[in-house]
Amino acid sequence: MEQFKFIWQKLQNNRMRMFAMFMAVIFYVTLMLLSPLFFSFFVDNVIGDAEIINPMVRIFSDWFGGVSNLRENLWIGGVIIIVISAFTGIAMYWRGRLNGE
């Protein structure tokens, strides 16, 4: 407990910056974990004909008009992957920027 008090006192002037850096890391890691999920969804379910088993992926698919709509409009998948990559880059930039100050 004494070590926690020491760290808390040392971070007195930088608590908000550390919180922002922590949130940037959480956002970055979440996006990095979602990226392969979207790739596998598009390859397995949209391009291939595998049945959707995961209920969250089914909700995502229905939100964009179903697998048949996504199959006819593959550009939607490309845009989603590019947006995820862009947000990942932004989160990585802010993480590094906040860490370097």
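Helices here are DSSP runs of H or I with at least four residues, and strands are E runs of at least two. By that definition, the protein chain of this predicted model contains five helices and zero strands. Read from the N terminus, the order of elements is α-α-α-α-α. The points below cover the overall form of the chain, its surface and charges, helix α5, and selected residues in and around helices α3 and α4.

**Overall form**

- The radius of gyration of the protein chain is 19 Å, whereas a compact globule of 101 residues would have a value near 13 Å.
- The C-alpha trace extends over about 55 × 25 × 20 Å along the principal axes of the protein chain.
- Of the contacts in the protein chain with a separation of 6 or more, 57% are between residues 24 or more positions apart.

**Surface, burial and charge**

- The protein chain exposes an accessible surface of about 7,700 Å², and carbon and sulfur atoms contribute 68% of that surface.
- Of the 101 residues in the protein chain, 26% are buried.
- The charged side chains comprise 8 positive and 7 negative ones, and the centres of these two sets are 21 Å apart.

**Helix α5**

- Helix α5 covers residues 74-100, and its 27 residues should span 39 Å at 1.5 Å a residue; the end C-alpha atoms are 39 Å apart, in agreement with that expectation.
- The buried residues of α5 are I76, G77, I80, I81, I84, T88, A91 and L98.
- These buried residues of α5 pack against three other helices, namely α2 (15-47), α3 (55-63) and α4 (66-72).
- L98 is located in α5 and counts as buried because its relative accessible area is 12%, under the 20% cut-off.
- Not counting residues up to four places away in sequence, L98 touches R17, A20 and M21.
- The C-alpha atom of L98 is separated by 27 Å from that of M1, a residue 97 positions away along the chain.
- G78 also belongs to α5, but its relative accessible area of 31% makes G78 partly exposed.
- Between the C-alpha atoms of G78 and M92, which are 14 residues apart along the chain, the separation is 21 Å.

**Helix α3 and the loop that follows**

- S61 is a residue of helix α3, and its relative accessibility of 2% places S61 in the buried class.
- Leaving aside neighbours within four places in sequence, the contacts of S61 are F41, I52, G66 and V67.
- F64 sits in the loop between α3 and α4.
- F64 is classed as partly exposed because its relative accessibility is 22%, and the buried class requires a value under 20%.
- With neighbours within four places in sequence left aside, F64 is in contact with N69, L70, I76 and I80; among the buried residues of α5 are I76 and I80.
- F64 and F22 are 42 residues apart along the chain, and their C-alpha atoms are separated by 32 Å.

**Helix α4**

- L70 lies in helix α4 and is buried, with a relative accessible area of 1%.
- Apart from neighbours within four places in sequence, L70 is in contact with F41, F42, V46, F64 and I76.
- F41 is thus named among the contacts of L70 and also among those of S61.
- I76 is one of the contacts of L70 and one of the contacts of F64.
- The C-alpha atoms of L70 and E51 are separated by 14 Å, with the two residues 19 positions apart along the chain.

Conventions. Residues numbered from 1 in each chain as written. Predicted model: local features only at pLDDT ≥ 70, side-chain atom pairs only at ≥ 80, totals over all residues. Heavy atoms only, no water. Rg over C-alpha atoms; globule rule 2.2 N^0.38 Å. Buried < 20%, exposed > 50% of the residue type's maximum accessible area, 1.4 Å probe, protein only. Contact = heavy atoms within 4.5 Å. Areas by Shrake-Rupley, 256 points an atom, 1.4 Å probe, with all protein chains shown as cover. Lys, Arg positive; Asp, Glu negative; His and termini not counted. Charge placed at Lys NZ, Arg CZ, Asp CG, Glu CD. Expected span 1.5 Å × (residues − 1).
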